[in-house]
Amino acid sequence: MAVARGRKPKKRKAEVPSGGDPNAPGPDEWADMEPYGSFTITDDDGREHVFKLGETAAVLPGGTKVGAQIPLEKYWIVRILGIRRRKFVQNRTKKLKTACSKAQSQTPEFWVNVHWYYSPKEVKEKIRGFTVPHCSKYERIYSDHSELISPLTFDALVPVMKFREDNPDQEPIFDEQFFTRYFLKTSSDPGELSTYTMGSSTRLQDSVGCLCGGPYDLNDKSPLHVMYMCPRPHCRRFYHLCCLLELGHWTPMTHPLIRLSCSPDTDDIPFETPCTLTAERPPQKTSDAMGSSSSCIVDELVTRLPKDLITLAAQSIVRGAALPNLGITGNCRDVVSARRIVYAAILKGTPAVNEWEERLDVDAAIVESDLPVLQHEDTGKAVVLMCPNCHGPI
Ligand SMILES: [Zn+2]
Ligand SMILES: [Zn+2]
């Protein structure tokens, strides 16, 4: 492990992302430097902070007053790509030696190659049409903009969650937690912005958004802008409530459990549909695994499963600032987990389910009472939203 003892990072002037550190090695010297897997900073209290390849960290923004306390969201965030040590520190120029602290000049000189995370404001300057207000203040945009910076600018390790909007099993992202959902390619001119998705690569920004082309606005508290998701593998998109209603993507509600027919793991109905679910619907294809179940047995079985489990499994998958209890990722993970438990119970033919309450955040994820009741204007009968892609109930 590499060790670079230095002063407490916050007493060191930080580099700026643009322009770079004039003391940093050039490309030829960097190529010849000795690679390391980690470096350690010792602060004024004698505590050691280890930073490793691949980790994400906070560095003090350029121009920040020495010793200043700044809010967490003001830090610059980097990902560590490479750590190398200069081979001939003793031969470097007098000018550079005087610029170093005593501690630094007595130790091997390490440099860190990083990728910068951009703030939404910085992305706005590079991408036409990108709007800052739809982002969270803890949101950062990962980029291919690399730079060599001194280890002494590092403050602390900071995890940055990856937010894939089409991931039905997306980990929750809590308040004051950095995350990234976009990638900015700065090596092309103009820059290109893409969205992280479940595939191995990113895809264009608007391909996971609503029919209106609008992105997921994390600060829009309008109940009509709550987004509803179809979890089926070939859909996995969220749509604004108002867009679904305006464009006619709704149908009469035939059964309160109708949404159980939308599975995150198959584009078909995952079990022989319960009698009452099919009463007013055309025949549907079923997956091979569940196709042999008797529909009436399934219907009866579902009614014997725990009420909260069924309520959770059959409710809409939603997200939006109007539902702050769900956090920015919404209730998707809990709802699809509940559906999988129900499907497994149907497959086994038994209503016995174990420890399901420990695996699901039932209190937070059941939001029926927070959602508008959808009724037909004339008849007053309940309606259910439909996925614009597969026409399944969502
Ligand atoms: Zn929309
Ligand atoms: Zn769908």
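What follows is a conversation about how certain terms apply to this structure.

Tutor: This is a predicted model, in which local features need pLDDT of at least 70 and side-chain atom pairs count only at pLDDT 80 or more, while totals for chains, interfaces and linings use all residues. Residues are numbered from 1 along each chain as its sequence is written, and side-chain values use heavy atoms, with hydrogens and water left out.

Student: Why is His115 called buried?

Tutor: Buried means under 20% relative accessible area, exposed over 50%, and partly exposed in between, with a 1.4 Å probe and protein chains only; His115 has 16% relative accessibility, so it counts as buried.

Student: Why does Cys212 count as partly exposed, and Cys210 as buried?

Tutor: Cys212 has 46% relative accessibility and therefore counts as partly exposed, whereas Cys210, at 2%, counts as buried.

Student: What makes the pair His115 and Tyr142 a polar contact?

Tutor: A polar contact is a pair of N or O atoms within 3.5 Å; within protein, one must be able to donate a hydrogen and the other to accept it, and residues adjacent in sequence count only if both atoms are side-chain atoms. The side chains of His115 and Tyr142 are joined by such a contact of 2.8 Å.

Student: How many disulfides does the structure hold?

Tutor: A disulfide is a pair of cysteine sulfur atoms within 2.5 Å, and the structure holds 0 disulfides.

Methods
Chains are lettered from A and ligands numbered from 1 in the order in which they are written.
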